[in-house]
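Colleague: I have just opened this one and do not know my way around yet. Could you walk me through it?

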Amino acid sequence: MSLAHQNIEDLIALCKQKNQKAEFEIYNRYCKAMYNVAFRIVKDEHYAEDVMQEGFLRAFTKINDYRQEVAFGAWLKRIIINYSIDFYKKNSAFRPDEIDRVLYKVEDDAPQNDEIDFTQLKAAQVLNAMHQLKDNYRMVLTLHFIEGYDHEEITEILNISHANCRTTISRAKESLRKVMVTLN
C-alpha cells in the first residue's frame, strides 16, 4: 500500500497507530523544510541534520498530543525550532542581551539616515549579512522575519522578557542595516 497519495490527516492517524511507513512518508514530505529551519538556527549542516532527525523523533513520540489546532507543518516546525534553540544554547556561548545590563532607547518613529530598501536586495545577500551578526541578533531576526514569529512567541521560545525581545530585535535590525551598508 502506497502512502504517497494519502492526505496529511490520514497519515497522522496512521502515525498515532505507530505505523512506521506513515512516519517515513511524513518525514519525506517535511524533512527539507525542517532541515532548513534547523540549519538557520544551529548554523552547521551536520548538526542541523541531527537536530532535524531528533525533532522528528520527538514529534512522532508526541504525535498523540497533536490536536489539529494549527497545521501539522506549523506544529512540527515549532518542535524543530524549540529543539534547535535548546541544542544551540547547550553547544554555544549564546546569551541574550540583558536589558538591565545594556540600556538602549528605541525611538519607533525616529528617522533612519541609512535606510535601505530591503525589497531590492536579494535574499541571499540578506541571509549572508545575517550570518555576520552576533548570534543572538541572528537568532531573533531568523525567528521574527524568516520563521514569522511575533514578539510574544519569541519571548516564549527564547525565555526572555518582552522588553528584552523588543530591544534585541531593534538592535539586530540596526546591526543588519550597518552590515548591509558596508556590503553595498
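Modeller: Let me begin with a term: a residue is called buried when its relative accessible area is under 20%. Please also keep in mind that this is a predicted model.

Colleague: Okay, which residues of α3 are buried, then?

Modeller: In α3 the buried residues are Ala48, Val51, Met52, Gly55, Phe56, Ala59 and Phe60. They pack against α1 (8-16), α2 (20-42) and α4 (72-90).

Colleague: What span should helix α3 have, and how far apart are its end C-alpha atoms?

Modeller: Helix α3 covers residues 45-61, and because a helix is expected to span 1.5 Å a residue, its 17 residues should span 24 Å, which agrees with the 24 Å between its end C-alpha atoms.

Colleague: And what is going on at the start of α3?

Modeller: There, a side-chain oxygen of Asp44 comes to within 3.0 Å of the backbone nitrogen of His46.

Colleague: Let me step back a bit. How many helices and strands are there in the protein chain?

Modeller: The protein chain has 8 helices and 0 strands, and its pattern along the sequence reads α-α-α-α-α-α-α-α. Of its 184 residues, 41% are buried. If you take the contacts with a separation of 6 or more, 67% of them are between residues 24 or more positions apart.

Colleague: At what angle do the axes of α2 and α4 cross?

Modeller: The axes of α2 and α4 cross at roughly 35° and come within 9 Å, and the crossing is right-handed. On the α2 side the contact is made by Ile26, Tyr30, Met34, Val37, Ala38, Ile41 and Val42, while the α4 side includes Phe72, Leu76, Lys77, Ile80 and Ile81 among others. The residues of this contact divide into 14 nonpolar, 2 polar and 1 charged.

Colleague: Lys77 caught my eye; which side chain makes a polar contact with the side chain of Lys77?

Modeller: That is the side chain of Glu147, with a distance of 2.9 Å for the polar contact. Glu147 lies in the loop between α6 (135-146) and α7. Along the chain, Glu147 and Lys77 are 70 residues apart, yet their C-alpha atoms are separated by 8.9 Å.

Colleague: Is Glu147 buried or exposed?

Modeller: Glu147 counts as buried because its relative accessible area is 8%, which is under 20%. Leaving aside neighbours within four places in sequence, Glu147 is in contact with Val37, Arg40, Lys77, Ile81 and Thr142.

Colleague: Moving on to α7, what does Thr155 touch?

Modeller: Thr155, which has its place in helix α7, touches Ile160, Ser161, His162 and Cys165, not counting residues up to four places away in sequence. Thr155 is buried, with a relative accessible area of 12%. The C-alpha atoms of Thr155 and Val140, which are 15 residues apart along the chain, are separated by 9.7 Å.

Colleague: One last topic, the backbone: what is phi of Asn159 near?

Modeller: Phi of Asn159 is near 55°, a positive value in a residue other than glycine. Most residues other than glycine have a negative phi. Asn159 lies in the loop between α7 (151-158) and α8 (162-183), and Asn159 counts as exposed because its relative accessibility is 68%.

Colleague: And where does Gln68 lie?

Modeller: Gln68 lies in the loop between α3 and α4, and Gln68 has a positive phi of about 60° although it is not a glycine.

Definitions and conventions: Residues numbered from 1 in each chain as written. Predicted model: local features only at pLDDT ≥ 70, side-chain atom pairs only at ≥ 80, totals over all residues. Heavy atoms only, no water. Helix = DSSP H or I, 4+ residues; strand = E, 2+ residues; numbered from the N terminus. Expected span 1.5 Å × (residues − 1). Buried < 20%, exposed > 50% of the residue type's maximum accessible area, 1.4 Å probe, protein only. Contact = heavy atoms within 4.5 Å. Polar contact = N/O pair within 3.5 Å; in protein donor to acceptor, adjacent residues only side chain to side chain. Axes fitted to C-alpha atoms, helices over the stretch in contact; angles between N-to-C directions. Left-handed = near helix turned anticlockwise from the far one by under 90°. Nonpolar A, V, L, I, M, F, W, Y, C, P; charged D, E, K, R; others polar.
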